[in-house]
Amino acid sequence: MGLYWVPRLVSGGRWDCLTAGDSCSSDEACSPRLRTLRQCVAGGGSVKLGPGARNHCENAVTALLSSPLHRCQCKRGMKREKNCLSIYWSLKQSVLHGLSLVENYPYEPVERGFDYVRLASIAAESEVGMTTVNRCLDAAKACNVDETCQKLRTEYVSACIAPSVRAGPCNRARCSKALRKFFDRVPPDYTHELLFCPCSDTACAERRRQTIVPACSYEEREKPNCLAQLRVCEADYVCKSRWAQFQHDCQPSELTASGCQQENYGACLVAYTGLIGSIITPNYLDNSTSNVGPWCSCAASGNFRDQCNHFLSHFHDNNCLKNAILAFGNDTDLKSATNQAPGSNTNTYNQILVTSTETTTTTIGSGMQTEQNILRPQMPTQMNERDRLWGDSTLPSPDLYDASPAAAHLAMVMWLLPILLLAL
């Protein structure tokens with residue numbers, strides 16, 4: 001067998017399936033075996049291969065076990081991600097007599113726990129009269145200071161609130177794409193703070209629920225059937241892969257203290273956010289608990305109701321996921337002590353909070369109204385949907401300027417572009 005050209009590595013010493021597939025196709029020893037393998041998994045493969053087809057297939061798999069294709073994976077949000085995943089799933093289908101070329105999960109593993117250690121709240125140090133820590137507001141401030149977080153958050157909020165002539169109140173496809181881009185490219189140190197910040201009151205929980213702009217990205221007039229949504233997901237390489245990764249990384253276990261089979265809360269939360277922007281996007285179910293799940297129902301499942309309930313149980317009855325969210329809120333993580341990568345940005349989030357505090361203290365004069373005063377606490381019954389969307393921003397709600405529907409819509413559009421880019 002000829003020597004295989006060595007493609008680039010993804011983290012953890014595994015090969016990128018896209019590059020590994022290209023290198024195998026151009027290698028005179030690897031290419032014919034890959035071609036044989038594809039015939040084995042295709043319909044009528046045995047007929048095409050003729051007598052001894054089983055031996056041909058087994059030999060092809062055995063030979064490819066020593067190629068870069070073995071255990072190759074993809075990186076979430078990578079360029080040509082769908083192409084990489086198509087190669088992964090074609091290899092996943094080639095399990096013969098216990099011989100598998102790839103792992104049961106398509107994405108490279110999360111190698112380190114994320115920094116769950118926080119500084120004291122900006123508000124507690126810089127705002128007069130504050131007696132409680134508001135980590136959700138701190139998360140919005142930290143995101144505003146980070147260029148990538150601020151830019152991509154601005155993009156998805158703009159995409160999700162912009163009215164669409166053809167698609168109705170909003171363009172859901174564009175909104176979902178922008179959300180995927182945000183959660184794929186912004187470090188979890190920021191995205192997790194925005195999405196999993198702990199809340200002790202209804203108003204905070206509602207602002208947290210509004211993080212993904214659910215009116216566009218999540219909710220519909222009626223709840224579709226969960227299995228119908230899952231079938232659509234599994235027909236798409238990216239959604240199918242995100243779902244597989246979530247099942248692996250958030251697999252519950254009664255035999256571990258963490259409640260997780262993989263014992264990695266950080267990986268579970270990353271896998272959860274990977275589903276946002278897909279057809280099975282999860283979100284908080286209400287503003288009184290931390291329960292999450294997709295926007296769907298098992299009401300019309302017929303004989304498949306048990307299967308449908310099993311799908312929902314991955315969210316509703318998943319102790320691993322629940323513990324991961326609670327552990328984040330409590331500033332604890334199972335893997336942070338042992339898997340912290342050398343040179344990782346342990347103090348990045350904290351440093352940004354300090355920077356934001358200094359900037360806020362410098363720019364706000366004694367005679368000016370502070371951000372906390374602008375965003376003064378409101379009772380949940382006093383908050384409309386748009387107030388909740390902007391509640392965790394560092395800007396006042398558009399409704400503060402004009403309460404009429406026409407003027408409010410115009411104010412939002414005109415106000416959004418120049419100002420949101422600076423402070424969202």
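## Close-up views of the predicted model

**Figure 1. Around asparagine 283.** Leaving aside residues up to four places away in sequence, asparagine 283 touches Arg209, Ile212, Pro214, Tyr218, Tyr272, Asn291, Val292 and Gly293. This is a predicted model, so keep that in mind for every panel here. Asparagine 283 sits in strand β3, which covers residues 282–284. Is asparagine 283 buried or exposed? Its relative accessible area is 1%, and since buried means under 20%, asparagine 283 counts as buried.

**Figure 2. The largest nonpolar core, with a look at phenylalanine 311.** This core has 57 residues, and the ones that touch the most other members are Trp243, Phe246, Phe311 and Leu321. Which helix gives the core its largest share? That's helix α8 (residues 147–161), with seven residues. Zoom in on phenylalanine 311 and you'll find Cys226, Leu230, Trp243, Ile280, Pro294 and Cys296 in contact with it, again not counting residues up to four places away in sequence. So Trp243 turns up twice here: as a contact of phenylalanine 311, and in the list of residues touching the most other core members.

**Figure 3. The second core and helix α5.** Separate from the core in the previous view, there's a second one of 24 residues, with Cys30, Cys84, Ile87 and Trp89 among them. Helix α5 runs over residues 81–92, twelve residues in all, and spans 16 Å from first C-alpha to last, close to the 16 Å expected at 1.5 Å a residue. Which residues of α5 are buried? They are Glu81, Cys84, Leu85, Ile87, Tyr88, Trp89 and Leu91. The elements covering these buried residues include α1 (17–25), α2 (30–41) and α14.

**Figure 4. Cysteine 136 paired with cysteine 197.** The model has 13 disulfides, and this one has its sulfur atoms 1.9 Å apart. Cysteine 136 belongs to helix α7 (residues 135–145), while cysteine 197 is in the loop between α10 (188–196) and α11 (202–209), so the bond ties together parts 61 residues apart in sequence. The S-S torsion for cysteine 136 and cysteine 197 is about 95°, which makes the disulfide right-handed. As for accessibility, cysteine 136 is buried at 5%, and cysteine 197 is buried too, at 1%.

**Figure 5. Cysteine 199 paired with cysteine 204.** Here the S to S distance is 2.0 Å. What's the handedness of the disulfide between cysteine 199 and cysteine 204? With a torsion of about -60° around the S-S bond, it's left-handed. The partners fall into separate accessibility classes: cysteine 199 is partly exposed at 25% relative accessibility, whereas cysteine 204 is buried at 5%.

**Figure 6. Cysteine 260 paired with cysteine 320.** The sulfur atoms of cysteine 260 and cysteine 320 are 2.0 Å apart in this disulfide. Cysteine 260 comes from the loop between α14 (237–249) and α15 (265–274), and cysteine 320 from helix α17 (residues 319–329), so parts 60 residues apart in sequence are tied together. A torsion of about 100° about the S-S bond of cysteine 260 and cysteine 320 makes this a right-handed disulfide. How accessible is each partner? Cysteine 260 is buried, with a relative accessibility of 0%, and cysteine 320 is buried with a relative accessible area of 0%.

Terms used:
Residues numbered from 1 in each chain as written. Predicted model: local features only at pLDDT ≥ 70, side-chain atom pairs only at ≥ 80, totals over all residues. Heavy atoms only, no water. Core = buried A, V, L, I, M, F, W, Y, C linked by side-chain atoms within 4.5 Å. Buried < 20%, exposed > 50% of the residue type's maximum accessible area, 1.4 Å probe, protein only. Helix = DSSP H or I, 4+ residues; strand = E, 2+ residues; numbered from the N terminus. Contact = heavy atoms within 4.5 Å. Disulfide = S-S within 2.5 Å. Expected span 1.5 Å × (residues − 1).
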